[in-house]
Amino acid sequence: MSRVCVFGGASAGSAPSYLQVAGELGAALAKAGLGLVYGAGGVGVMGAVSDGALAAGGEVIGVIPEALMAREYGRTDLADLRVVPTMHERKQLMHDLSLGFIALPGGLGTLEELFEAVTWTQLGLHDKRVVLVNVDGFYDPLLQMVDHAVTAGFVSAADRALLLATADVDEAVRLIVGPA
Ligand code: AMP
């Protein structure tokens with residue numbers, strides 16, 4: 001089965017739209033026949049995307065280090081929960097299981113994960129896509145920063161184009177799968 005890795009906050013964020021759109025993305029993946037790979041958290045944006053996928057009958061694989069099970073309210077109700085020893089093994093397994101990466105709004109962990117994914121594409125270590133779900137313009141400042149880095153001569157136009165963004169979850173699913 002084809003699967004997509006979704007990054008998102010362990011927190012809910014300050015606007016109800018963050019959890020709302022996370023749930024919609026989970027459902028959209030399930031509807032498209034795509035499995036969800038994520039960090040196994042049971043709360044926040046991470047919890048909401050998994051709730052959306054499960055409610056729509058989708059496959060959900062949670063990957064979490066043992067040490068984070070309590071702190072991130074790791075879901076114990078997943079049919080496929082992979083408890084791994086370290087953060088590095090978590091990331092490796094999430095990468096191995098997925099055809100691409102979608103980032104919902106989130107914090108430092110989400111930002112780190114999405115930049116790692118897109119820099120690996122930049123370096124040619126994989127050819128997986130990265131799509132930002134730009135809920136209520138959440139990612140506008142980040143995209144402006146990357147545009148600034150292009151203007152300043154640090155990021156090529158080709159690498160800037162690797163960061164795909166949309167506010168629409170169905171479009172995010174289309175973008176991650178790519179042209180037929
Ligand atoms: P946050 O966006 O900060 O709420 O974190 C979302 C998820 O990213 C959580 O499951 C964190 O455990 C995870 N995370 C935090 N730091 C890292 C990191 N350096 N690499 C991979 N995942 C991380």
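In this predicted model, a polar side-chain atom of K91 lies 3.3 Å from a nitrogen atom of the ligand. Two further polar contacts involve ligand oxygen atoms: a backbone N or O atom of G109 is 2.9 Å from one such atom, and an N or O atom in the side chain of T110 is 2.6 Å from an oxygen atom of the ligand. The table sets out these contacts.

| Residue and atom | Ligand atom | Distance |
|---|---|---|
| K91, polar side-chain atom | nitrogen | 3.3 Å |
| G109, backbone N or O | oxygen | 2.9 Å |
| T110, side-chain N or O | oxygen | 2.6 Å |

On its own, the ligand has 490 Å² of accessible area, of which the protein covers 78%. The space that the ligand takes is the largest pocket.

The surroundings of the ligand comprise 16 residues, and those that come nearest are A10, E72, G107, G109 and T110. By class, this shell holds 5 nonpolar, 6 polar and 5 charged residues. Helices α3 (87-97) and α4 (108-122) each contribute at least two residues to the shell. The greatest contribution is that of α4, with 5 residues.

Aromatic pairing was examined over the whole structure, and 3 pairs were found. One of them joins F7 and F101: the ring centres are 5.7 Å apart and the planes meet at 10°, so this pair is stacked. The two residues belong to distant parts of the chain, 94 residues apart, with F7 in strand β1 (residues 3-7) and F101 in strand β5 (residues 100-103). The stacked pair thus links strand β1 with strand β5.

Definitions and conventions
Residues numbered from 1 in each chain as written. Predicted model: local features only at pLDDT ≥ 70, side-chain atom pairs only at ≥ 80, totals over all residues. Heavy atoms only, no water. Near = heavy atom within 4 Å. Polar contact = N/O pair within 3.5 Å; in protein donor to acceptor, adjacent residues only side chain to side chain. Areas by Shrake-Rupley, 256 points an atom, 1.4 Å probe, with all protein chains shown as cover. 1 Å grid on protein atoms, 1.4 Å probe; cavity = no way out; pocket = protein on both sides within 12 Å on 5 of 7 lines; lining within 4 Å. Sits in = over half its atoms within 2 Å of the grid points. Helix = DSSP H or I, 4+ residues; strand = E, 2+ residues; numbered from the N terminus. Nonpolar A, V, L, I, M, F, W, Y, C, P; charged D, E, K, R; others polar. Phe/Tyr/Trp six-rings, centres within 6.5 Å; stacked < 30°, edge-to-face > 60°.
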